[in-house]
Amino acid sequence: MVAILRKRTLRDFDWLVALFAIAIVCFGAWEIHNAQPTETFWQKQLIGLGIAFVFMLAIAFSDYRRLVELAPFLYVFGLMLLIIVLVPGIGMKINGQRCWIKLPGAGQFQPSEFVKIPVVLMLARYFGKHRTGGLTWKEFIVGSVILALPMGLIMLEPDVGQAITYVPLLAIVLFLSSVRMWIVAAVLVGMIAGAPLAYTVGVKTGLLHGYKLERINVILDPENADKRGFGYHTWQSMVTVGEGGLTGTHGGDYSQSSLKFLPEPHTDFIFAVVAETTGFVGCLLLLGSYAFLLTRLITDARRSRDRTGMLVIMAIVGGLIFQIFINVGMALGMLPVIGVPLPLMSAGLSSVLATFIAIGFAISVQLRRFVN
């Protein structure tokens with residue numbers, strides 16, 4: 001097997017996926033510099049890229065099937081990290097959220113970003129067996145429990161935005177596990193019809209209050225929102241996007257981002273910075289790059305030699321698409337601000353490293369499509 005793999009390594013290694021991922025991170029570092037020219041976030045992003053690339057290669061040249069077999073141990077380890085981050089003195093509390101663990105001399109990392117990987121492996125391990133029939137209720141319940149444990153711990157941080165990004169991991173696996181279409185249709189109808197009811201109940205019972213309620217109201221009624229209060233983030237992001245026009249603001253005078261009118265321009269609202277600096281054309285090119293990257297990953301999933309490898313890649317693709325959709329929606333004022341980073345673009349070593357590890361798994365599946 002090793003000999004076969006060595007012969008096919010260079011030919012089957014998906015260099016385009018790796019190169020596009022690297023290109024997006026480099027473009028992101030440039031935009032981070034535009035957003036925070038006096039800070040060193042962009043330099044840290046490039047250092048993080050180097051570290052992430054090494055991890056990606058390590059995963060790519062490992063047998064994903066052996067790593068899937070270790071999924072239960074990795075899953076338990078991930079849950080332990082999510083518990084440890086809640087311990088005062090170990091977990092760092094920033095902006096009211098205890099989401100990070102401080103590493104002496106190495107900065108901080110966010111466990112919830114990395115735990116997505118063992119969750120994907122666990123789901124692929126459980127649902128990756130050969131199927132002869134439709135999805136059973138037992139399988140649905142087990143999959144829900146696998147997802148609910150880390151999501152529950154993340155909600156205790158509390159980090160609602162990060163917890164929500166776990167949902168598509170299970171959704172795509174269930175969809176590809178012969179779930180009955182009437183169930184899919186029923187869930188979609190229920191979500192659409194139940195959203196107004198959930199909003200009303202949340203307001204009446206007080207479950208939705210404070211900044212959570214106000215950020216939703218900003219989307220529902222932006223004209224009457226307090227542009228200096230809870231609506232500040234959304235309003236400033238929309239103004240920043242509008243300033244870019246067709247080809248962006250030229251001459252390096254990015255007033256909205258570099259002059260700090262736009263909050264968190266290097267993380268949550270990096271897409272707004274892209275719109276300001278490169279305009280509509282730059283946004284289209286970025287989204288086109290994402291589309292190409294995701295299409296290549298889907299192609300790798302179709303070529304997978306087994307169902308497990310296909311589920312690993314498709315769960316990763318589903319998670320990336322969801323994060324891109326949420327982040328861009330936040331920047332355009334179409335969705336509430338919930339703090340979801342833009343993959344490969346937003347500043348943060350944890351996000352970049354987790355994404356490159358996920359890409360490493362996809363390449364590993366691609367490399368072993370001819371191996372028995």
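**Exercises on a predicted model: salt bridges and aromatic pairs**

At 9% relative accessibility, K116 counts as buried. This value, like those below, comes from a predicted model.

**Exercise 1.** Determine which residue forms a salt bridge with K116, and classify that residue as buried or exposed.

*Solution.* The partner of K116 is E113, with the closest N and O atoms 3.7 Å apart. The cut-off for a salt bridge is 4 Å, so this pair qualifies. E113 has 5% relative accessibility and therefore counts as buried.

**Exercise 2.** Identify the residues that salt bridges with shared partners join into one network, and establish how far apart in sequence the parts tied together by D63 and R368 are.

*Solution.* The network consists of D63, R65 and R368. In the bridge between R65 and D63, the closest N and O atoms are 2.9 Å apart. D63 also bridges to R368, where the corresponding separation is 4.0 Å. D63 is located in the loop between helix 3 (41-60) and helix 4 (64-69), while R368 belongs to the segment after helix 17 (349-367), so the pair ties together parts 305 residues apart in sequence. Relative accessibility is 13% for D63 and 14% for R65, and R368 is likewise buried.

**Exercise 3.** Classify the geometry of the ring pair F109 and F114.

*Solution.* The structure holds seven aromatic pairs. For F109 and F114, the ring centres lie 5.9 Å apart and the planes meet at 65 degrees. Planes over 60 degrees apart count as edge-to-face, so this pair is edge-to-face. Both residues count as buried: F109 at 17% relative accessibility and F114 at 19%.

How values were computed. Residues are numbered from 1 along each chain as its sequence is written. This is a predicted model: local features need pLDDT of at least 70, side-chain atom pairs count only at pLDDT 80 or more; totals for chains, interfaces and linings use all residues. Side-chain values use heavy atoms; hydrogens and water are left out. Rings of Phe, Tyr and Trp (its six-membered ring) pair if their centres lie within 6.5 Å; planes under 30 degrees apart count as stacked, over 60 as edge-to-face and the rest as tilted. Buried means under 20% relative accessible area, exposed over 50%, partly exposed in between (1.4 Å probe, protein chains only). A salt bridge is a side-chain nitrogen of Lys or Arg within 4 Å of a carboxyl oxygen of Asp or Glu. Helices (H or I, at least four residues) and strands (E, at least two) are DSSP runs, numbered from the N terminus.
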